[in-house]
Amino acid sequence: MTDLDRFRSEARNWLQDNCPPSMRTPPGDGNIPRGGRVPEEVSEDALVWLDAMREKRWVAPAWPVEYGGGGLSPAEMGVLREELVRISARAPIISIGLMMFGPMLLEFGTEEQKLRFLPDIAAGRVRWCQGFSEPGAGSDLASLQTRCEDKGDHWLINGQKIWTTFADVSDWLFCLVRTDRQAPKWEGISMVLIDMRSDGVEARPIELISGASIFCETFLTDVKVPKDLMVGPLNSGWTIAKRLLQHERSAIGTGRQRNEGMAHDAVLTLRQEDDAPMDAGMRARLAGIEIDELAIAATTAQLGAEIAAGNNRPFIESLLKVASCNIRQNRSELIAHSMGSRALSLDDTILPAENDARTTWLRNRALSIEGGSTEINLNIVAERLLQLPRSS
Ligand SMILES: Cc1cc2nc3c(=O)[nH]c(=O)nc-3n(C[C@H](O)[C@H](O)[C@H](O)COP(=O)(O)OP(=O)(O)OC[C@H]3O[C@@H](n4cnc5c(N)ncnc54)[C@H](O)[C@@H]3O)c2cc1C
């Protein structure tokens with residue numbers, strides 16, 4: 001038995017003993033903790049699962065042990081991922097800190113910044129939010145205007161961010177700011193870390209048509225930031241932001257829960273005319289989605305193996321994000337279609353499974369916008385991956 005076989009067998013046994021059965025189901029009900037100081041409404045099992053993974057150091061299994069991670073090798077990571085998928089385990093936590101900010105800080109942060117911030121993220125104690133977009137800077141992110149001035153012993157920040165997911169319940173903000181107004185727009189940007197409880201920070205939730213609110217407008221008025229909370233050198237923010245966006249696209253594009261068969265199961269459960277045979281058009285759409293799901297699962301596994309072998313593929317995240325978001329949108333659209341008019345029902349007589357399906361369908365509309373829109377990612381695929389000439 002190789003070391004890797006031994007690791008697999010230990011991981012399988014440990015997961016068998018520690019992952020509660022309710023955490024081995026599709027996460028459509030949103031019952032996954034997000035961490036941080038604000039208490040959340042999640043089940044006892046979800047907290048048990050997070051505690052167990054935290055104790056095992058598998059919340060951030062690949063991070064170095066000194067920063068709160070599990071120190072697993074890429075090969076062990078691959079095995080752990082397979083074992084988690086095998087039992088359809090939910091992620092123990094959904095965290096921007098874990099998926100985006102932490103990997104970026106590992107690459108660009110100072111030793112002090114890593115020791116200060118990473119262990120809290122790996123333990124789910126602190127929640128981060130992302131201050132990139134502004135009212136005048138979305139796809140054209142480099143046009144951002146939030147101003148950062150050097151005041152000797154601190155930075156002074158003034159400006160407005162928008163679409164800041166969960167800013168009102170987050171502890172910290174990683175924020176792109178303009179530090180040089182004369183330089184070309186990409187060369188005058190820096191990244192600073194802002195404590196959300198600082199004077200001058202105000203997060204105003206934006207109410208959505210559903211009545212829920214996941215986004216905020218974030219106003220920054222004369223916010224003082226200590227000098228040691230800039231990531232990377234002054235005016236190097238664009239390089240750091242691009243790297244962070246790669247992590248974001250990778251996180252959106254490669255969810256680890258099992259997808260294959262989900263559409264089929266959901267359609268069978270939710271179909272209105274339960275006894276009638278499924279029509280040919282529906283069967284063809286279902287088959288198409290299942291084929292796409294198998295193809296992307298195989299591609300993701302292949303890329304995972306290549307990365308574990310040290311062969312990185314720059315910009316592949318953009319391709320994966322577009323492909324996987326298309327599939328998720330098609331799947332949730334088909335599931336909603338199978339519910340007939342109940343997918344549009346606003347009364348409370350629909351079943352919890354129907355409600356989950358409807359919520360997922362509506363939520364998934366945003367997948368092709370967040371983390372960079374599909375058009376922007378296709379531009380990256382065309383220019384960077386395929387080396388096609390720029391359109392303008
Ligand atoms: C669910 C969700 C969560 C988000 N969370 C955050 C967050 O936490 N923090 C944050 O900072 N931002 C967040 N965003 C904002 C997101 O990053 C932006 O919405 C996105 O980058 C698009 O910017 P925009 O909305 O200004 O659209 P615009 O840039 O105005 O684009 C409008 C349309 O024009 C198209 N377009 C623009 N430029 C081009 C071009 N060059 N070529 C082809 N087509 C183009 C776009 O594809 C899009 O269809 C979130 C968005 C969503 C939907």
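## A ligand and its surroundings

Of the 17 residues around the ligand, those that come nearest are S133, S139, T165, S373 and E375; a residue counts as near when one of its heavy atoms lies within 4 Å of the molecule. This is a predicted model, where local features need pLDDT of at least 70, side-chain atom pairs count only at pLDDT 80 or more, and totals for chains, interfaces and linings use all residues. Residues are numbered from 1 along each chain as its sequence is written, and side-chain values use heavy atoms, with hydrogens and water left out.

The shell around the ligand holds six nonpolar, eight polar and three charged residues. Here Ala, Val, Leu, Ile, Met, Phe, Trp, Tyr, Cys and Pro count as nonpolar, Asp, Glu, Lys and Arg as charged, and the others, Gly among them, as polar. Helix α11 (residues 374-385) gives the most to this shell, with three residues; helices are DSSP runs (H or I) of at least four residues, numbered from the N terminus.

Let's look at polar contacts, which with the ligand are pairs of N or O atoms within 3.5 Å.

| Ligand atom | Protein partner | Distance |
|---|---|---|
| nitrogen | W163, polar backbone atom | 3.1 Å |
| oxygen | S373, side-chain N or O atom | 2.5 Å |
| oxygen | E375, side-chain N or O atom | 2.7 Å |

On its own the ligand has 970 Å² of accessible area, and the protein covers 64% of this (Shrake-Rupley method, 1.4 Å probe).

Now for one residue of helix α9 (residues 316-338), S324. S324 counts as buried because its relative accessibility is 7%, and buried means under 20%. Leaving out residues up to four places away in sequence, S324 touches I252, G253 and I296, with contact meaning heavy atoms within 4.5 Å.

Key
A polar contact is a pair of N or O atoms within 3.5 Å; within protein, one must be able to donate a hydrogen and the other to accept it, and residues adjacent in sequence count only if both atoms are side-chain atoms. Helices (H or I, at least four residues) and strands (E, at least two) are DSSP runs, numbered from the N terminus. Buried means under 20% relative accessible area, exposed over 50%, partly exposed in between (1.4 Å probe, protein chains only).
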